[in-house]
Amino acid sequence: MLVTGGAGYIGTHTCIALIEAGHTVVVADNLCNSKRESIEKFKKIMNTHIPFYEIDVSNRKAVETIFENHQLDGVIHFAGLKAVGESVEKPSLYYENNVVSTLVLVNCCLKFGVNRFVFSSSATVYGDNKVPFVETMDLLPTTNPYGETKAICERILTDIAKANPSFSVSLLRYFNPIGAHESGLIGEAPNGIPNNLMPYITQVAKGMRDYLSIFGNDYPTIDGTGVRDYIHVMDLAEGHVAAIHAMLQGVHIYNLGTGQGTSVLQLVKAFEEANGVTIRYEIVERRPGDLACCYADVEKARQELGWIAKRDVVTMCKDAWRFEKNTLHQGV
Ligand code: NAD
Ligand code: WQD
C-alpha cells in the first residue's frame with residue numbers, strides 16, 4: 001500500500017493500523033508539514049522497516065519511480081495542505097498542491113494497474129447542510145479554498161472511476177480527528193500557533209500558551225459554543241483499514257466520525273477531568289467561517305464497513321495529553 005502524507009498526523013497512525021492488519025506499507029511525503037523523526041518513531045513502535053520516499057507527490061516522475069519499485073495493491077492519499085486560513089491567503093498553492101497531487105497519483109494508478117484508491121476528504125464538503133451530515137446530501141459550497149480542493153478531488157475521482165470500471169475509490173470524509181497513539185510517541189504537533197482546538201488546549205495545559213480563546217458562546221448549541229464530532233485518530237486510522245478491506249468497484253463515500261457532538265466547553269471540561277489540569281480560557285468573537293454544529297451520520301460506515309469508532313472523549317483527551325507531555329516544540 002502506498003501511503004502519501006504518511007509522515008503526517010493521520011498518516012503515521014494509519015500506517016500503524018495497516019501494519020497491525022498485515023499490510024505492507026510504502027510512505028511518500030515531502031515533509032512540508034511533518035518530520036522524518038515521526039517515521040523513525042512509528043518504525044520503533046512497530047519494530048519494522050518501512051520504505052520512505054521524501055518526494056513531492058505532485059512530481060509525476062518521482063511518483064512513477066515508486067510504482068516501478070514496488071508491487072502496490074492500493075494508494076491511500078493523505079498528502080495535502082490543510083490550513084484553512086492559509087488556503088484563503090494562498091489559494092493557488094492549495095489548488096496546485098492538493099488537486100495536482102491527486103491527479104498525478106490517480107493517473108499512475110491507471111497506468112500501473114493499481115485499482116484501489118482511498119482519498120482523505122473532509123466533513124467541510126458538507127458546508128452548512130443540516131446535521132447530522134449524511135453521505136447522500138448534496139455538497140454545499142465551503143467557505144474556503146481548502147474545502148474546495150476536497151470537493152474538486154472528490155468530483156475528479158468520481159469521474160475517473162466512472163470511466164474506469166475496474167477502479168475502486170473510497171472517499172473518506174473525516175470529522176475532527178484528535179488524540180494520539182497510546183504509546184505517546186506520535187501525535188499531532190503543529191508548527192507555530194495551533195489552528196485547531198485540541199492542540200491549543202494541550203499547549204495551554206503545558207504552559208506554552210496563557211489561555212485558550214473560545215471563538216463565540218452565542219451559537220444555538222447546548223452551551224453556546226461550537227459543537228464538533230471529535231474522533232480518536234486511531235479509530236480514524238482503523239476506519240481506513242476497514243475501508244480497504246471492504247473496497248468494491250466504483251466510488252463509495254463514507255463519513256468517519258463518531259456520530260456524537262461535543263461542544264468546546266464540554267471538551268475543555270473533559271480534558272480537565274481526564275488529566276487533572278486546569279485550562280484557562282476566555283470567550284472571544286466568533287471565528288469567521290465556523291459552523292455552529294457539525295457531526296456525522298455514521299450508519300453507512302457501520303453497515304458497509306463494519307466499522308464504528310470505539311474510543312471515547314476521555315481517552316482522546318488522555319492520549320492527546322500523554323503525547324503533548326512527550327513533545328518538544330520548536331520555534332514557539
Ligand atoms: P498533516 O499535515 O499532518 O499530514 C499531511 C502530510 O502530507 C504531511 O506530512 C505533509 O508533509 C505531506 N504533504 C503535503 N503536501 C505534500 C505533497 N505535495 N507531497 C508529499 N507530501 C505532502 O495532516 P493530517 O491531519 O494528517 O491530514 C491528512 C489528510 O487528511 C489531509 O489531506 C487533510 O486535508 C485531510 N483531513 C484532515 C483533517 C484534520 O482535521 N486533521 C480533517 C479532514 C481531512
Ligand atoms: C473546533 C471548534 C472552533 C480553536 C477544521 C477545519 C476542517 C477540518 C478540521 C480538515 C470550533 C473552536 C478552535 C480555538 C476555539 N480540517 N475553537 N478556539 O474548525 O471544526 O475544523 O479542522 O479538513 O476543515 O475547518 O476544527 O479544531 O479548528 O475547531 O474555540 O483556539 O473549536 O470555533 O467550534 P474545525 P477546530
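A residue counts as near a ligand here if one of its heavy atoms lies within 4 Å of it. By that yardstick, 18 residues surround ligand 2 in this predicted model. Y146, S213, R228, R287 and D290 come closest. Sorted by class, the shell around ligand 2 holds eight nonpolar, seven polar and three charged residues. Strand 8, which runs over residues 212-215, gives the largest share of that shell, with four residues.

Some of the polar contacts to ligand 2 can be picked out one by one. On the backbone side, a polar atom of S213 sits 2.7 Å from a nitrogen atom of ligand 2. Two side chains also reach the ligand's oxygen atoms. R228 places a polar side-chain atom 2.5 Å from an oxygen of ligand 2, and D290 has a side-chain N or O atom that is 2.5 Å from an oxygen atom of ligand 2. Ligand 2 would expose 690 Å² if taken alone, and the protein buries 86% of that.

Now for the other ligand. Around ligand 1 the shell numbers 27 residues, with D29, N33, S34, K82 and Y146 the closest. Y146 thus turns up among the closest residues of ligand 1 and among those of ligand 2. The class breakdown for the ligand 1 shell is 13 nonpolar, 10 polar and four charged residues. Helix 1 (9-20), strand 5 (116-122) and helix 6 (145-163) each put at least two residues into the shell of ligand 1. Of the contributing elements, strand 5 has the largest share, three residues.

Backbone atoms handle several of the polar contacts to ligand 1. For I10, a backbone N or O atom is found 2.8 Å from an oxygen atom of the ligand. The backbone of F78 does something similar, with a polar atom 2.8 Å from an oxygen of ligand 1. N30, in turn, has a polar backbone atom 3.1 Å from a nitrogen atom of ligand 1. On its own, ligand 1 has 830 Å² of accessible area, and the protein covers 95% of it.

Two spots in the backbone are worth a look. L31 is not a glycine, yet its phi is positive, at about 60°. This residue belongs to the loop that links strand 2 (26-28) with helix 2 (36-46). The other spot is the peptide bond from V131 to P132, which is cis, with an omega near -5°. P132 sits in the loop between strand 5 and helix 6, and both of those elements also supply residues to the shell around ligand 1.

That leaves the helix packing. Two packed helices are described by the angle between their axes and the distance between the axes. Helix 7 (residues 197-205) takes part in two such pairs, one with helix 11 and one with helix 9. With helix 11 (residues 313-326), the axes come within 10 Å and cross at roughly 60°. That angle makes helix 7 oblique to helix 11, and the crossing is right-handed. With helix 9 (residues 264-275), the packing angle is about 40° and the axes lie 11 Å apart. Angles under 35 degrees would count as roughly parallel, so helix 7 and helix 9 are oblique to each other. Their crossing is right-handed.

Key:
Residues numbered from 1 in each chain as written. Chains lettered and ligands numbered in written order. Predicted model: local features only at pLDDT ≥ 70, side-chain atom pairs only at ≥ 80, totals over all residues. Heavy atoms only, no water. Polar contact = N/O pair within 3.5 Å; in protein donor to acceptor, adjacent residues only side chain to side chain. Areas by Shrake-Rupley, 256 points an atom, 1.4 Å probe, with all protein chains shown as cover. Nonpolar A, V, L, I, M, F, W, Y, C, P; charged D, E, K, R; others polar. Axes fitted to C-alpha atoms, helices over the stretch in contact; angles between N-to-C directions. Parallel < 35°, antiparallel > 145°, perpendicular 65-115°, else oblique. Left-handed = near helix turned anticlockwise from the far one by under 90°.
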